[in-house]
Amino acid sequence: MSKLITIERHILEQQKNFPEATGELTDLLSDVAFAAKLVRREVVRAGLVDILGFAGSTNVQGEEVKKLDLFANDKIINAIGQHGRFAIMGSEENEEIITPPNNENGSYALLFDPLDGSSNIDVNVSVGTIFSIYKIKNSDPRKADISDCLQKGSEQVAAGYVIYGSSVVMVYTTGHGVHGFTYDPTIGEFLLSHENIVTPKHGKYYSINEGSYAQFNDTTKKYLDYIKEEDSATGRPYSTRYIGSLVADFHRNLLTGGVFVYPPTTKHPNGKLRLMYEGNPLAYICEQAGGRATDGRRRILDIDPSELHQRTPLYIGSEDDVRVAEEFEQGIR
Ligand code: AHG
Ligand code: MN
Ligand code: MN
């Protein structure tokens with residue numbers, strides 16, 4: 001019988017790795033876990049309450065917003081913002097940064113994608129929430145601004161995601177390994193289920209939207225042709241797995257090995273995925289689990305951000321597989 005360790009207890013244990021910590025990080029991550037429970041409650045019964053379908057608006061990304069996107073966004077902002085531990089927040093669903101009320105004691109910035117995989121909400125396919133946490137640089141939390149959000153991914157103090165699937169799993173890192181917790185609805189707790197996740201150095205899955213083949217650069221097309229050739233010595237052809245929810249594709253590859261690629265396309269020359277609340281948090285987790293994450297050339301965590309919603313190409317997963325994809329992207333192969 002595995003030990004019953006709640007995520008709050010685990011975070012407290014992790015806290016001992018931060019001698020200078022004041023317990024705040026524990027509270028922050030517990031706040032995120034609480035917000036995840038609220039979002040989960042609606043996601044698992046989405047078909048029964050009026051939060052399916054479109055909200056009738058478009059977000060800063062120019063994408064149709066689903067009701068559950070907004071519901072999750074509101075829940076996270078209110079459930080987490082109420083404690084004032086975050087001085088500032090940035091959300092995929094809000095064009096501008098969010099300043100929580102009574103943030104005068106907040107030391108951290110929260111960047112998040114409240115509901116990842118929106119296109120899958122109404123058809124009962126796994127979706128997720130992704131979050132990234134930084135210490136603010138501003139000495140006065142009341143003056144916290146966009147510059148406290150636009151920090152390199154290497155500056156993150158914590159990152160994680162929740163995947164609302166056949167079971168609900170929350171995965172996080174504070175720089176001391178990657179740990180997963182499965183929600184037990186009978187007690188309303190996230191319990192430790194995947195301690196110290198280490199991702200395989202190479203896998204047999206590749207994840208890319210082949211439907212965009214005509215929009216890909218020739219380098220990407222060459223990579224795709226390569227990965228599908230018969231060659232048992234290099235484990236090819238790989239199997240394709242593409243769910244359309246980044247969190248779900250990432251989580252599978254993290255556990256089984258594999259590579260996820262969202263390359264530049266004619267529609268999205270800088271890639272579709274967003275650096276601050278998709279690329280950076282997942283790159284931090286991936287590297288902590290022994291994997292690799294780049295934009296095809298640069299380490300994701302080294303990218304110096306200039307805009308809250310800036311996009312990046314994303315090559316992420318098992319180190320060997322990401323390197324092969326990069327060599328094609330760089331024209332080396
Ligand atoms: P979001 O729902 O937060 O906008 O994210 C959707 C993203 C990501 O989850 C997924 O991997 C990707 O969009 C799928 O894009 P395509 O449909 O272009 O493949
Ligand atoms: Mn997303
Ligand atoms: Mn989203």
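**Exercise 1. Find which strands each supply at least two residues of the shell around ligand 1, and which strand gives the most.**

Solution. Strand 4 (108-116) and strand 12 (259-262) each supply at least two residues of this shell. Of the strands, take strand 4 next: with 3 residues, strand 4 gives the most to the shell. The model used here and below is a predicted one.

**Exercise 2. State how many residues surround ligand 1, which come nearest, and how they divide by class.**

Solution. Start with the count: 18 residues lie around ligand 1. The nearest are Asp 116, Gly 117, Ser 118, Tyr 242 and Tyr 262. Then sort the shell by class: 7 residues are charged, 6 are nonpolar and 5 are polar.

**Exercise 3. Where does ligand 1 lie with respect to domain 1 and domain 2, and why?**

Solution. First note the bounds: domain 1 covers 7-194 and domain 2 covers 205-329. Both domains give residues to the shell, so ligand 1 lies between them. As for pockets, ligand 1 sits in the largest one.

**Exercise 4. List polar contacts of ligand 1 with Asn 209, Tyr 242 and Leu 246, then say how much of the ligand the protein buries.**

Solution. A contact of this kind needs a pair of N or O atoms within 3.5 Å.

- Tyr 242: a polar side-chain atom is 2.6 Å from an oxygen atom of ligand 1.
- Asn 209: a polar side-chain atom is 2.9 Å from an oxygen atom of ligand 1.
- Leu 246: here a polar backbone atom is 2.8 Å from an oxygen atom of the ligand.

Now the area: ligand 1 taken alone exposes 470 Å², and the protein buries 86% of that.

**Exercise 5. Describe the backbone at Pro 237 and at Asn 102, and place both residues.**

Solution. The peptide bond from Arg 236 to Pro 237 is cis, and its omega is near 5°. Pro 237 belongs to the loop between helix 5 (218-227) and strand 11 (239-240). Asn 102 is not a glycine, yet its phi is positive, at about 35°. Asn 102 is in the loop between strand 3 (86-91) and strand 4.

Definitions and conventions
Residues are numbered from 1 along each chain as its sequence is written. Chains are lettered from A and ligands numbered from 1 in the order in which they are written. This is a predicted model: local features need pLDDT of at least 70, side-chain atom pairs count only at pLDDT 80 or more; totals for chains, interfaces and linings use all residues. Side-chain values use heavy atoms; hydrogens and water are left out. A residue is near a molecule or strand if one of its heavy atoms lies within 4 Å of it. A polar contact is a pair of N or O atoms within 3.5 Å; within protein, one must be able to donate a hydrogen and the other to accept it, and residues adjacent in sequence count only if both atoms are side-chain atoms. Accessible areas come from the Shrake-Rupley method with a 1.4 Å probe; for residues, only the protein chains shown count as cover. On a 1 Å grid over the protein atoms alone, a cavity is a set of points where a 1.4 Å probe fits but cannot get out, and a pocket is an open set with protein on both sides within 12 Å along at least five of seven lines; lining residues have an atom within 4 Å of a point. A molecule sits in a cavity or pocket if more than half of its atoms lie within 2 Å of its grid points. Helices (H or I, at least four residues) and strands (E, at least two) are DSSP runs, numbered from the N terminus. Ala, Val, Leu, Ile, Met, Phe, Trp, Tyr, Cys and Pro count as nonpolar, Asp, Glu, Lys and Arg as charged, and the others, Gly among them, as polar. Domain bounds come from an automatic or database domain assignment.
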